[in-house]
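Grab a pencil and work through these exercises with the structure open next to you. Each task comes with a solution that goes step by step.

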Amino acid sequence: MAITIALAGNPNSGKTTMFNDLTGSSQHTGNWPGVTVEKKEGRLKGHREVVLQDLPGIYSLSPYSPEEIVSRSYLVNDRPDAIINIVDASNVERNLYLTTQLLELGIPVVVALNMIDVVRKTGDEIDVKKLEQALGCEIVETCALRGEGSVQAAERAVALAKNAAVTLTKNTFAPSKNTITNTAGNAHTSSLSKEAPRFLNRRTAFSNEVEAALDSIGSLVRELGAVKDKVAGKINNGEAYLRWLSIKLFERDAEAAKDAGIADTAEGKRVLAEIEKITTAVEDKLDDDSESIITDGRYNYISDIVKQTVKRKNAFALTLSDRIDRVVTNRILALPIFAGVMFLVYFIAVSTVGAWGTDWVNDVLFGSLVPDGVANGLAALGTAGWLNGLILDGIIAGVGAVIGFLPQMLVLFVLLAFLEDCGYMARIAFILDRIFRRFGLSGKSFIPILVGTGCGVPGIMASRTIESDNDRRMTVMTTTFIPCGAKLPIIALIAGALFPGSMWVAPSAYFLGIFAILVSGIMLKKLKRFSGRATPFVMELPAYHLPTPGGVLRTMLERGLAFVKRAGTIVLAATVLVWFLSSFDTSMQMVDTTDSILAIIGDKIAVIFSPLGWGDWRAAVATITGLIAKENVVGTFGVLYGFAEVAEDGAEYWPQLIAAFTPLAAYAFLAFNLLCAPCFAAIGAIHREMMDVRWTLFAVAYQCGFAYVISLIIFQMGRLFGGGGFTVGSAVAIVFILTLVWMIGFKKPYAVPAGERLSGAPASEVA
Amino acid sequence: MPLTLARPQDGAMIICKVGGKDETRKHLAELGFVAGEKVQIICEAAGNLILNVKGARIALDRQLAQRIMV
């Protein structure tokens with residue numbers, strides 16, 4: 001039988017790092033809370049029968065943001081065979097708050113005291129043996145980053161799970177709050193897998209009044225339908241479950257009542273009413289609400305334990321991280337520092353280091369070396385003309401055009417990985433909160449946006465840590481306005497071909513993205529579907545640390561590999577299709593591109609885009625293929641313009657682009673492609689987050705509409721001021737501008753009728 | 001006084017009350033903001049605060065900081 005072990009713990013405590021270490025997988029990690037938003041499954045290295053579950057970080061078993069629901073429902077309803085609770089050793093007290101709750105689930109728990117190296121460095125001391133006794137669970141000191149102790153923790157969890165399956169049916173739950181029945185203390189250091197597990201899971205002791213109330217609640221629900229089965233042994237350690245449920249019901253946790261199946265029966269409702277009476281009585285007596293009573297009880301229990309087991313040097317001495325924070329979040333310096341960092345990232349990746357690499361690959365590698373080599377080889381083999389065409393004009397021209405941008409991507413990935421790992425990311429969210437708030441977004445929206453500069457799909461998923469539905473939906477809709485890695489080639493192509501030597505085109509693409517996000521924020525916020533109050537900003541900030549070169553390189557290689565894989569699969573397939581459609585006519589005769597099937601189709605579509613200045617059918621086709629993957633825009637140009645050129649002398653197709661576009665039209669083309677609906681993968685991600693077809697359609701329609709309007713304004717106004725004369729197009733552009741100005745500046749926000757419950761706002765905002 | 005009136009140089013202060021009655025308050029409690037706990041302001045930017053509580057570094061906006069009385 002497979003054994004499942006869950007990795008649970010506070011956000012940013014190192015769960016995924018340990019998961020990767022134990023399973024040999026390479027899930028994305030980073031130094032900010034909320035990197036993991038989905039549960040991930042893997043098999044323990046060397047023990048294929050053991051399944052490990054990596055879960056999103058949680059502060060307690062009462063979820064606050066959407067990704068936390070996943071963790072809670074997995075732990076409570078799916079009940080893994082054992083839990084490895086990862087505790088950040090440098091912050092034991094807060095982390096143990098969750099531990100007390102996990103211990104109550106009646107599932108064997110091993111505490112992994114992670115980042116123990118940090119504690120040792122600061123000179124704090126943790127008495128592990130005493131802590132083990134106090135909690136009644138085994139503790140393993142670990143440093144997941146260096147792989148220390150992880151295997152030990154996993155082995156202990158496996159042993160506990162195997163043992164629990166035998167003993168727990170007898171309901172041997174730690175009996176009392178006063179007796180420590182734990183005997184062994186030194187055993188965890190020697191021959192771990194052979195020693196008998198000590199599964200006691202001591203429970204938090206609350207005050208007498210609360211304990212009495214919990215007992216009465218327990219006896220009330222013990223006999224209820226679904227609960228009865230569970231307590232009677234349907235799940236391991238049913239008594240513990242009963243206690244846990246009693247606490248949750250005392251806290252008025254509606255979710256727990258629903259899960260236990262007592263919320264919707266008549267009998268259940270009667271019992272719930274009785275529980276309400278018990279709870280209110282205790283609340284009156286202690287003059288506090290039940291949730292706070294439980295919270296305080298837990299913290300008191302923990303601080304007693306911590307007092308005996310942890311020796312702190314000085315908790316309130318300023319650390320290096322604090323000193324850095326005083327500078328980088330300083331009210332005057334924060335924004336200039338942030339702007340500087342961002343400029344540096346894109347300057348290095350797009351304009352300098354990355355561009356040198358890309359130039360070399362485009363000019364030398366795919367400009368002459370590869371095509372010449374392959375052409376010579378094919379000539380020597382004497383292959384058929386159409387095959388030469390497919391390989392040289394189709395595959396090499398198309399895929400080569402995309403792969404050419406790999407150096408820029410790699411540099412960008414290195415810099416992003418560094419930003420994610422050092423801890424600055426969470427600070428950016430904090431700094432930008434007060435600005436984003438004015439535009440109807442949360443500071444946390446910036447994390448998805450920054451992740452989205454690598455790829456929109458994880459960017460959209462990162463929005464899951466945003467608590468409010470409104471802010472989250474808005475972030476999902478606007479995240480892909482920022483140029484992702486796959487749009488980078490489009491920017492570099494337009495900048496390189498039509499604006500040679502200019503510094504501003506690449507950065508302007510990012511400013512355009514930010515502008516689109518902020519403007520959309522203002523406009524969307526005024527719509528009825530987004531109306532509501534702003535949610536408060538609260539976020540834990542991780543300690544800064546210097547990323548390891550290995551970690552940064554691994555992230556870079558992984559993302560780089562994903563990019564190459566896409567080029568070798570989706571882009572390759574699309575390129576071949578484009579080549580085919582552009583080389584043959586409807587009667588399957590090989591013809592000139594301008595007479596091909598694609599030209600006929602493209603001409604029809606191009607009409608839509610001619611007001612934007614790029615009515616050429618090739619540009620229209622490139623835009624459409626961009627929906628499959630944004631790299632295709634460049635790949636398609638490679639095929640459509642590359643043709644004869646590449647085959648003859650290997651020259652690039654840039655000169656042909658210059659002939660086909662005016663700079664103004666090219667910029668309008670760029671703007672449209674950056675802002676319009678993202679690739680299908682990202683639209684899929686939007687749909688997953690929205691969980692509603694109408695919302696997805698609304699998002700995509702909004703993105704395309706917005707892109708069209710902006711692109712049209714750029715082209716028509718540019719032409720008007722460039723001396724092109726006033727036309728119908730100029731009039732339309734002016735109407736669009738006025739509409740935007742009205743939406744941003746003058747339209748009144750949708751007024752929420754007093755007393756009406758907001759559909760989008762979380763319950764807390766209404767209470 | 002509300003935390004928004006305190007300054008970084010005030011050092012560690014004791015929380016006497018966390019106002020409001022909602023999920024946000026519960027979340028604050030889970031993060032360590034409970035009555036009787038020590039809290040220290042690390043830095044302040046336009047009313048938004050970075051705080052040290054229970055050995056963790058938490059960023060709060062002004063709106064929330066106002067609900068924490070020290």
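**Exercise 1: a strand from each chain**

In which sense do β9(A) and strand β5 (residues 56-60) of chain B pair, and over how many bridges?

*Solution.* Before you start, keep in mind that this is a predicted model.

Step 1. Recall the background: strands of a sheet pair through backbone hydrogen bonds, either parallel or antiparallel.

Step 2. Now look at the two strands. β9(A) and β5(B) pair in the antiparallel sense, and four bridges link them.

Step 3. Pick one bridge to check by eye: M539(A) has A59(B) as its bridge partner in β5(B).

**Exercise 2: the sheet around that pair**

Find the order of the five strands in the open sheet that holds β9(A) and β5(B), then work out which strands stand at the edges.

*Solution.* Step 1. Walk across the sheet from β9(A): the order is β9(A)-β5(B)-β4(B)-β3(B)-β1(B), and the pairing is antiparallel.

Step 2. Look at the ends. β9 of chain A and β1 (12-14) of chain B each have a single partner strand, so one side of each is left without a neighbour in the sheet.

Step 3. Add the twist, which averages 35° from one strand to the next.

Step 4. Zoom in on the β1(B) end. β1(B) and strand β3 (residues 38-45) of chain B run antiparallel and are joined by three bridges. Here A12(B) stands opposite Q40(B) in β3(B).

Step 5. See what packs on the sheet: α13(A) touches β3, β4 (48-53) and β5 of chain B, and its direction makes about 35° with that of β3(B).

**Exercise 3: the contact between the chains**

How many residues does each chain bring to the contact, and which element of chain A gives the most?

*Solution.* Step 1. Count by chain: 38 residues come from chain A and 32 residues from chain B.

Step 2. Sort the side of chain A by element. Several elements supply at least two residues each, among them α3 (92-104), α13 (320-328), α18 (424-438) and β9 (538-541). The most comes from α12(A), with five residues.

Step 3. Sort that side of chain A by class: you get 16 nonpolar, 10 polar and 12 charged residues.

**Exercise 4: a sheet within chain A**

Which strands are the edge strands of the six-strand open sheet in chain A?

*Solution.* Step 1. Write down the order, β2-β3-β1-β4-β5-β7 (chain A), and note that the pairing is mixed.

Step 2. Look for strands that pair on one side only: these are β2 (40-44) and β7 (138-141) of chain A.

Step 3. The twist here averages 25° from one strand to the next.

Step 4. Check the β2(A) end. β2(A) pairs with strand β3 (residues 47-54) of chain A over five bridges, in the antiparallel sense. K40(A) has D54(A) as its bridge partner in β3(A).

**Exercise 5: the core and a helix pair**

Which two residues touch the most other members of the largest nonpolar core?

*Solution.* Step 1. The core holds 237 residues, and V110(A) and A668(A) touch the most other members. Helix α29 (residues 663-675) of chain A gives the largest share of this core, 11 residues.

Step 2. Explore around V110(A). Leaving aside neighbours within four places in sequence, the contacts of V110(A) include A82(A), I84(A), C137(A) and L160(A).

Step 3. Turn to α29(A) and a helix packed with it. Helix α22 (residues 488-498) of chain A and α29(A) pack at an angle of about 175°, their axes 10 Å apart. Angles over 145 degrees count as roughly antiparallel, so α22(A) is roughly antiparallel to α29(A).

Step 4. Name the residues: I490(A), I491(A), I494(A) and L498(A) in α22(A) meet P663(A), A666(A), L670(A) and N673(A) in α29(A). By class, that contact has seven nonpolar, one polar and no charged residues.

**Exercise 6: two loop residues**

Is N12(A) buried or exposed, and is D287(A) buried or exposed?

*Solution.* Step 1. Locate them. N12(A) is in the loop between β1 (3-9) and α1 (15-23) of chain A, and D287(A) is in the loop between α11 (266-286) and α12 of chain A.

Step 2. Count neighbours. N12(A) has 23 C-beta neighbours inside 10 Å, so N12(A) counts as buried. D287(A) has 7 other C-beta atoms within 10 Å, so D287(A) is exposed.

Step 3. Check the backbone. Most residues other than glycine have a negative phi. Phi is positive in N12(A), near 60°, and also positive in D287(A), near 55°.

Definitions and conventions: Residues are numbered from 1 along each chain as its sequence is written. Chains are lettered from A and ligands numbered from 1 in the order in which they are written. This is a predicted model: local features need pLDDT of at least 70, side-chain atom pairs count only at pLDDT 80 or more; totals for chains, interfaces and linings use all residues. Two residues are in contact if their C-beta atoms, placed from the backbone, lie within 7 Å. Ala, Val, Leu, Ile, Met, Phe, Trp, Tyr, Cys and Pro count as nonpolar, Asp, Glu, Lys and Arg as charged, and the others, Gly among them, as polar. Two strands pair if DSSP finds at least two bridges between them. A nonpolar core is a set of buried Ala, Val, Leu, Ile, Met, Phe, Trp, Tyr and Cys residues joined through C-beta atoms within 7 Å. A residue is buried if 20 or more other C-beta atoms lie within 10 Å of its own, exposed if 12 or fewer, and partly exposed in between; C-beta atoms are placed from the backbone. Axes are lines fitted to C-alpha atoms, for helices over the stretch in contact, and angles run from 0 to 180 degrees between N-to-C directions. Angles under 35 degrees count as roughly parallel, over 145 as roughly antiparallel, 65 to 115 as roughly perpendicular and the rest as oblique.
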